[in-house]
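The following exercises concern the packing of helices and the symmetry of an assembly. Each task is followed by a solution in steps.

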Number of protein chains: 6
Amino acid sequence: MRHDGRTENTGRPVTIETDYLIHPEGSVLISVGNTKVICTASIEERVPPFLRGSGQGWVTAEYSMLPRATGQRTQRESSKGKVGGRTMEIQRLIGRALRAVIDLGALGERTVWIDCDVIQADGGTRTASITGAFVAMCIAVAKVTEEKGLKKFPIKDYLAAISVGKTEEGILILDLDYPEDSSAAVDMNVVMTGAGEFVELQGTGEEATFTRQEMNDLVELAEVGIHRLIDIQKDVLGPITSQIDVQEGDLL
Amino acid sequence: MRHDGRTENTGRPVTIETDYLIHPEGSVLISVGNTKVICTASIEERVPPFLRGSGQGWVTAEYSMLPRATGQRTQRESSKGKVGGRTMEIQRLIGRALRAVIDLGALGERTVWIDCDVIQADGGTRTASITGAFVAMCIAVAKVTEEKGLKKFPIKDYLAAISVGKTEEGILILDLDYPEDSSAAVDMNVVMTGAGEFVELQGTGEEATFTRQEMNDLVELAEVGIHRLIDIQKDVLGPITSQIDVQEGDLL
Amino acid sequence: MRHDGRTENTGRPVTIETDYLIHPEGSVLISVGNTKVICTASIEERVPPFLRGSGQGWVTAEYSMLPRATGQRTQRESSKGKVGGRTMEIQRLIGRALRAVIDLGALGERTVWIDCDVIQADGGTRTASITGAFVAMCIAVAKVTEEKGLKKFPIKDYLAAISVGKTEEGILILDLDYPEDSSAAVDMNVVMTGAGEFVELQGTGEEATFTRQEMNDLVELAEVGIHRLIDIQKDVLGPITSQIDVQEGDLL
Amino acid sequence: MRHDGRTENTGRPVTIETDYLIHPEGSVLISVGNTKVICTASIEERVPPFLRGSGQGWVTAEYSMLPRATGQRTQRESSKGKVGGRTMEIQRLIGRALRAVIDLGALGERTVWIDCDVIQADGGTRTASITGAFVAMCIAVAKVTEEKGLKKFPIKDYLAAISVGKTEEGILILDLDYPEDSSAAVDMNVVMTGAGEFVELQGTGEEATFTRQEMNDLVELAEVGIHRLIDIQKDVLGPITSQIDVQEGDLL
Amino acid sequence: MRHDGRTENTGRPVTIETDYLIHPEGSVLISVGNTKVICTASIEERVPPFLRGSGQGWVTAEYSMLPRATGQRTQRESSKGKVGGRTMEIQRLIGRALRAVIDLGALGERTVWIDCDVIQADGGTRTASITGAFVAMCIAVAKVTEEKGLKKFPIKDYLAAISVGKTEEGILILDLDYPEDSSAAVDMNVVMTGAGEFVELQGTGEEATFTRQEMNDLVELAEVGIHRLIDIQKDVLGPITSQIDVQEGDLL
Amino acid sequence: MRHDGRTENTGRPVTIETDYLIHPEGSVLISVGNTKVICTASIEERVPPFLRGSGQGWVTAEYSMLPRATGQRTQRESSKGKVGGRTMEIQRLIGRALRAVIDLGALGERTVWIDCDVIQADGGTRTASITGAFVAMCIAVAKVTEEKGLKKFPIKDYLAAISVGKTEEGILILDLDYPEDSSAAVDMNVVMTGAGEFVELQGTGEEATFTRQEMNDLVELAEVGIHRLIDIQKDVLGPITSQIDVQEGDLL
């Protein structure tokens, strides 16, 4: 039994509230336990210089935390005058993950800007951001598909992310909250598609190591959690689901 | 009749949800029409260098907007590497306004950090920030008062803010939303106490001017709006109200 | 009697030396008591991106203080690597104020750059900057009007600014010097046109408040000071005065 | 057969030249094919603030590329005024990896600064940096151990890193050079200890995905490459090897 | 005859107005032809970290130009967020030059901050800065000597600077103004003491070269100019001169 | 006899290894005693804005030191977020020096980017950079001359640099290493062409001065050292020498 009463392979309660804000093309508030992230997807009708004239679109992401998303107030990166290493690492991860399930050619020369703003943090903010951002992106891209008459819905498959880890006592657990995460010996973030394939796998020993057997057990635990998240995504996406499912069929 | 059906001296619907986040000592989500701001108050047990050893406390504020709080995505100030002029102006205003109603000696050598993060903008974000931040500060300071056994509740009076303006047609209106604000000839932000005194008055002609009569009429309009906001603050503050009321008595 | 022998409604001695520098299109050295500001107006034959192709011109301002303009040396903002909040607030105010009295369409697609560099500070640097910058702008715009054959002199009215305040003892005074300013309970900056209308009104309680009666009394005091400043401006502008006066007639 | 004649599971020629520079406590030039990195380890007799008084040491890393390490000149990060996301990600990885094999308590309150400067890049610069930095760290720590009379040699095990990947044609290959890396569908960096345990595992689909079977096959390929690198490290470390081997024995 | 009527070995008219500002310990306005620089010397009762506890003082300098000191407006370095290479080069030169004639031990643990702000530029701003800053430093150091009861006047000799150059036609000239400087083939700045020794000699071919004979002729020309500048310095320094002269005697 | 056994007019051993890196158009590793600098020359087929359409090319330089090029680790300028004054001074010097011997019109509208990265420092890094960068530039420009069919080889003469100085004991020495440089009373850097003319001459008293006689003696010492460096350059440049020699003939 874990400190909050969960078993080793139980994820936290998840809700995804769509159309959370009035301005963005797509927006959700995702809650994973006490972790809450506002994810928005904005469509910009142009691409970065390296893609101009290529016919290809782009997906890019930014991530931030409110100063009091955390137990202790953290200084704003705007006041510091620079974006920190942890933030950069996370926003690069979010962008890369989302690009794996979108057909950038079908999107055409436009950019999907993803913004993930953590308003409350309790572990797993990067995986919650990916899971929520996928939904926001689907909603925004569905609007573009209709308004601009795209020939094909550009999103090819579902995408969700979860953390798994090994405690100091050597127990493998799913979906770590902040107290678990900050004392874990090994921390692994897994990003998977609806088809069950990996997009990103980042396992890190925190002044510790892990064996190949543990790697396989952790990945298995993550798969359980991700299937559940994708079920929740399907639920909140409703009719948009049918457009992705066609794509999935194409892949098989 | 205004574009959203309000009369000239009607403010927008206001709600203040307290204890919106689990980590900060005080937090609210204030909604003024479609404008939504998360205001938090954090207590730090030290003061800036210029106050060390003085026995005085400090109140300081930071303000930010999520990139898609607005109709068009705005670039993050952390990505730009610097805080813009508008943001600086607003956060200096919020800090100054709140310091006018707090007895910094009674607070003792600690800092109240105010963070106002606009998650959705539709005009009046700085006045909503002040009105919400006052409530968050009261909640945080009430906790400090009890936990640290302060001799006196340091907050001396209520504080709220609202905008008034003159339209291009010369009509004076209360509580401008974004379409009204962006086309107004004159824009005035008024910060007042529960005792009906001014803390801050900022009237600005946008490539336009205003007469002394208009100044007086605008101020009168603002007073109406502010009384209503302070009634709402009293409602949500509940028992904390009695501590401020003692202070108000002291002042009279 | 005030610490320097002035009565409550007496401003400090003011001189405006025109053509102070050889390079700028317009330049003055304004002295208000011991406060000395070099104000220059530069004409650039292009406008910021948001105005390109609009046929409209622009006025923008920058403000700075020499490190030893003040009693204690202050660090240069160039060494710090960023412009501070106070500087931003002031330069935004100067630009906004000047734009209120210029017909940007008549100016055409060019920018007037205003630079206010305080070489000696003794209170009231922002109001001295506005008063001096107006004269520099008139001189520069008169040159453009002639050289480029503008159909109409684009400046519509005079513009000057002054500070008023309430001392800790509750006395209302005009044109505060630094010792008065740093101990004042209320500080108000007023920007007015020759027609006696407000362009900007910024009243601030410094951990203090002010009543509506005080607001009106302060504004009245400011009007006295501003009329005197505009008389001085007319004096130094000489023949350019006739071009502004035509404009003023148009307005009445 | 790969474009440079290697088989799928063959790594590139590796040399590690120790004591490459005269000033640092430890320094190597590592060459992995055409990739060349100068790795230095510097000892500083103090720790970051969060460790002061803890009795614990620290290892931190910085990574950079010369402008013409690459085919096209890349702008210096010092000229841009900020460190990019890729650099931050890599230097955080190097520091984290090295900390996994050092006993920070045995090191005592001192910092090992690792600097990895890529003078020529042809793929795999981050893994070459880790492999080379480990050797530089051993040399520097051996000096400290002797000079300061540490009770125990703080390095607990060997550490090396290599990349593996999946080509667009679906072939799994070891130790990608730049042409292979830039066209790979999946890229995985593996950091392992002499005991064969993982310290870090980062698999990334570049607009592509990978299955669990592929994950296992890639990891197996990496193990082959890492054993060879650790043999080379043992060779160049010479007598220092005996001190690490004692540690390894302790672990078993 | 030069474009302004001067002969080859004639300097421009020079005036040095002392006590130009009320706040700094020492201040002058130096005019060299149309070049005008405000030089201030501020005393700070502490030294940079590398000198703490050494009993030695320090002299450091900053240099800046107003945006319209020049014919075309130049962007402020505070707006750019960084100090440019030219500015850095000049302020390092000024500080180094002044340190050559001050006995830092006699000064004691305090810093002389020199600020040179060019309000009008017409060539030779760095040499005018050094010549003016020397006078400002003498005035400030004389105050310190008296107020703090220093045992010895710390300034050991006079110091002045001038530019010499070779025109495109190969003619050697003294004290170049801006049109001469911008077309010169060779530009040389010379900083000398009252005793006629060099402190700094910087000769630069601008896409051109110079011979050893030309070097000697240029230096001779500079000596003429510097003697005249030192005579002017003696004039404006008045009684302080006697304190420096004692020093000079010591040296001989 | 000097601390390393050299006589006063003996330079250190010099080697220049060409084609040190595979990517740049020109690259060398120059060693001057223990000072080692990687110098690369990159050709970019465009020029800075101020030269577009002029038919002229440009040469620009950047300079940096690895953190452990020095005895104590120095912080990276990329981490500090800005390039320091010393670096700026040196890279401006390198660019200016190289431009003196290249015919920018013959080069055509392209930029030669010079990068000098000090991997080991023992005094004289700026002069070694110039001497090495000249060779790298020749190699790169020879390639451009052939590939683009330039009518004329744009490099007009050889270029090398060396330091000379006066010790605290008043002895004049050639090619100072770090211990000599850091204790020298006078330091002079001399940049000369193959024709024996000066491009740059920078003599600096470090809290000391020098006479005209010493200036001449130092320059003479430098000439000896530079002739030797140019002989080494000719050696390593091999056949390219003939192209420069034609140019030299043109000049005579």
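**Exercise 1.** Determine the hand of the crossing of α6(E) and α6(F), and describe how these helices pack.

*Solution.* Step 1. In this predicted model, α6(E) and α6(F) cross in a right-handed manner.

Step 2. Helix α6 comprises residues 212-237 in chain E and likewise residues 212-237 in chain F; the two pack at an angle of about 160 degrees, and their axes lie 12 Å apart. Angles over 145 degrees count as roughly antiparallel. α6(E) is therefore roughly antiparallel to α6(F).

Step 3. On the side of α6(E), the residues that meet the partner helix are E:Arg212, E:Met215, E:Asn216, E:Val219, E:Glu220 and E:Glu223. On the side of α6(F), they are F:Arg212, F:Met215, F:Asn216, F:Val219, F:Glu220 and F:Glu223. By character, the residues of this contact comprise four nonpolar, two polar and six charged.

**Exercise 2.** Carry out the corresponding analysis for α6(A) and α6(D).

*Solution.* Step 1. The α6 helices of chain A and chain D, each spanning residues 212-237, pack at about 160 degrees with axes 12 Å apart. α6(A) and α6(D) are therefore roughly antiparallel to each other.

Step 2. The crossing in which α6(A) passes α6(D) is right-handed. Chain A contributes A:Arg212, A:Met215, A:Asn216, A:Val219, A:Glu220 and A:Glu223 of α6(A) to the contact. Chain D contributes D:Arg212, D:Met215, D:Asn216, D:Val219, D:Glu220 and D:Glu223 of α6(D).

Step 3. Sorted by character, the residues of the contact between α6(A) and α6(D) are four nonpolar, two polar and six charged.

**Exercise 3.** What turn and what shift along the axis lay chain A on chain D?

*Solution.* Step 1. Two copies of a chain are related by a rotation about an axis and a shift along it.

Step 2. For chain A and chain D, the turn is 180 degrees and the shift along the axis is 0.0 Å, with an RMSD of 0.0 Å. This is the relation of a two-fold axis.

Step 3. Both copies use the same surface, since 100% of the contact residues of chain A recur in chain D.

Step 4. The residue of chain A that comes closest to the rotation axis is A:Gln202, its C-alpha lying at 2.3 Å.

**Exercise 4.** How far apart are the nearest C-alpha atoms of chain C and chain D, and those of chain A and chain E?

*Solution.* Step 1. Chain C does not touch chain D, and their nearest C-alpha atoms are 11 Å apart.

Step 2. Chain A does not touch chain E, and their nearest C-alpha atoms are 11 Å apart.

Methods: Residues numbered from 1 in each chain as written. Chains lettered and ligands numbered in written order. Predicted model: local features only at pLDDT ≥ 70, side-chain atom pairs only at ≥ 80, totals over all residues. Heavy atoms only, no water. Least-squares fit on C-alpha atoms with pLDDT ≥ 70 in both. Contact = heavy atoms within 4.5 Å. Axes fitted to C-alpha atoms, helices over the stretch in contact; angles between N-to-C directions. Helix = DSSP H or I, 4+ residues; strand = E, 2+ residues; numbered from the N terminus. Parallel < 35°, antiparallel > 145°, perpendicular 65-115°, else oblique. Left-handed = near helix turned anticlockwise from the far one by under 90°. Nonpolar A, V, L, I, M, F, W, Y, C, P; charged D, E, K, R; others polar.
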